[in-house]
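Could you walk me through this structure, with an eye on its charged pairs, its rings and its strands? I would like an explanation that I can follow with the model open beside me.

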Amino acid sequence: MKIIQLIYSLCSGGAERFVVSLSNQLTEMGHDVTVCMLLSDQNDSYVFNRQFLDSRVKFHSMGYLAGFSLKKVIDVEKYILSQQPDVVHCHLNVIPYVFRIAIAHRDIRFIHTLHSVAENASGKKWQKFINRFFYEHRYITPITISARCRQSYRDYYGLPSPVSIDNGCEVPRKSIRFDEVVSEVESYKDNPNSPVFIHVARFHEQKNQILLIDAFNELDRKGEDFVLLVIGDGFDQGPGAELKRRACEKIHFLGLKNNVADYLYCSDAFCLTSIYEGLPISLLEAMACGVVPICTNIGGI
């Protein structure tokens, strides 16, 4: 089967990591898979997860800057038709790029995975009604990633339950740098028994890192012993940098890492303070590493 995975970018987010893992697995099963990202691959942050793609997975960048236009829609349509796929699997809110072609070419199966609760996965509010039309008439098949997301779809769109496939991940493996990471994490501790907490996410309003930092600053004021590792980008400028500036000394901002598993295996608890989620890959990976989750009670969590 020939499959195109359509997504904005391969940045460090969970949906992007999901696309890479799924593409690798489908390729291993013998399918012909291409990951097509809309944004330019000349921006390093947009292709962070590309390094984890199996060499057999094809990759194509449309080279776009941010913003939606009819010309971009036409270009995407031309690319899809040139590849003659059996399936186009859309991720996040890229489905406006395939509305026209989904109607005109019923020989291609169009699928859309909602990587969050429905009300946060539909773009602008007016788009809800367009999405509903395409879902209801099966021009595009929706897929949700948790029981909570499935319920949110029913509530938001007023349609019967869609296909629901619980999110999943591979068990993360330690890298050849694991021993170095063990030494690094030990250097952050005030004593050998200091508990290590970890947060893995880019700086974003959804992830509510203000709550995370405020909570651990309060623990520090109370004299509690801990280490908090924050892995992800966006903390070197703007509001992210301001949050980093007011974090206590027990909180360590490590930036992007391509060996996150090493840090998970060195941690005791995983913290996620999001205000909405689907079923985050970062949480599943932490649990797969045996790290205790401490999370806000929202979405698929």
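Glu242 is a good place to start in this predicted model: with a relative accessibility of 38%, Glu242 is partly exposed. Its side chain meets that of Arg245 in a salt bridge, with 2.7 Å from N to O. Both residues belong to helix H8, where they sit three residues apart, about one turn of the helix. Arg245 has a relative accessibility of 59% and therefore counts as exposed.

That pair is one of the 14 salt bridges that a search of the whole structure finds. Side chains of opposite charge can pair when their charged atoms come close. Take Lys189 and Glu186 next: the closest N and O atoms of this salt bridge are 3.0 Å apart. Here Lys189 counts as buried, at 17% relative accessibility, whereas Glu186 is partly exposed at 38%. Elsewhere, salt bridges link Glu28, Asp54 and Arg56 into a network.

Now turn to Glu285, whose side chain forms a salt bridge with that of Arg17 at 3.9 Å, N to O. Which parts of the chain does this pair tie together? Glu285 lies in helix H10 and Arg17 in helix H1 (residues 14-28), so the salt bridge connects parts that are 268 residues apart in sequence. Glu285 is buried, with 15% relative accessibility, while Arg17 is partly exposed, with a relative accessible area of 27%.

Arg17 has a further contact to look for: Arg17 lies over the face of Phe52, 4.3 Å from the ring centre. You can find another charge placed over a ring at Lys174, which lies over the face of Phe178 at 4.4 Å from the ring centre.

From charges over rings, we can move on to rings that pair with each other. A pair of aromatic rings is described by the distance of the centres and the angle of the planes. The structure holds 14 aromatic pairs. In one of them, Phe133 and Phe134, the ring centres are 5.4 Å apart and the planes stand at 85 degrees, so this pair is edge-to-face. The relevant cut-off for that label is an angle over 60 degrees. Are these two rings buried or exposed? Phe133 counts as partly exposed, at 37% relative accessibility, but Phe134 is buried, with a relative accessible area of 6%. Both rings also belong to a cluster in which ring pairs link Phe99, Phe133, Phe134 and Tyr139.

Phe203 and Phe235 make an edge-to-face pair too, with 5.6 Å from centre to centre and 70 degrees between the planes. Phe203 is in the loop between strand S8 (196-200) and helix H7 (209-221), and Phe235 is in the loop between strand S9 (227-231) and helix H8 (238-245), so the pair ties together parts that are 32 residues apart in sequence. Of these partners, Phe203 is partly exposed at 25% relative accessibility, and Phe235 is buried at 4%.

The strands S8 and S9 that precede those loops bring us to a sheet. Five strands form this open sheet, in the order S10-S9-S8-S11-S12, and their pairing is parallel. Which strands lie at the edges? They are strand S10 (251-255) and S12, each of which pairs on one side only. On average, neighbouring strands of the sheet are turned by 25 degrees against each other, direction ignored.

Follow the pairing across the sheet from S8. Two bridges join S8 to S11, and these strands run parallel; Ile198 has Phe270 as its bridge partner in S11. Four bridges then join strand S11 (residues 269-272) to strand S12 (residues 292-295), again in parallel. Within S12, Cys295 is the bridge partner of Leu272. To get from S11 to S12, the chain passes through helix H10 (residues 281-288), and this β-α-β crossover is right-handed. With helix H10 we are back at Glu285 and its partner Arg17 in helix H1, a salt bridge that you can now place beside the route of the chain from S11 to S12.

Technical notes:
Residues are numbered from 1 along each chain as its sequence is written. This is a predicted model: local features need pLDDT of at least 70, side-chain atom pairs count only at pLDDT 80 or more; totals for chains, interfaces and linings use all residues. Side-chain values use heavy atoms; hydrogens and water are left out. Rings of Phe, Tyr and Trp (its six-membered ring) pair if their centres lie within 6.5 Å; planes under 30 degrees apart count as stacked, over 60 as edge-to-face and the rest as tilted. Buried means under 20% relative accessible area, exposed over 50%, partly exposed in between (1.4 Å probe, protein chains only). A charge sits over a ring if NZ of Lys or CZ of Arg is within 6 Å of the ring centre and within 35 degrees of the ring normal. Two strands pair if DSSP finds at least two bridges between them. A crossover is right-handed if, with the strands pointing away from the viewer, the path from the first strand over the helix to the second runs clockwise. A salt bridge is a side-chain nitrogen of Lys or Arg within 4 Å of a carboxyl oxygen of Asp or Glu. Axes are lines fitted to C-alpha atoms, for helices over the stretch in contact, and angles run from 0 to 180 degrees between N-to-C directions.
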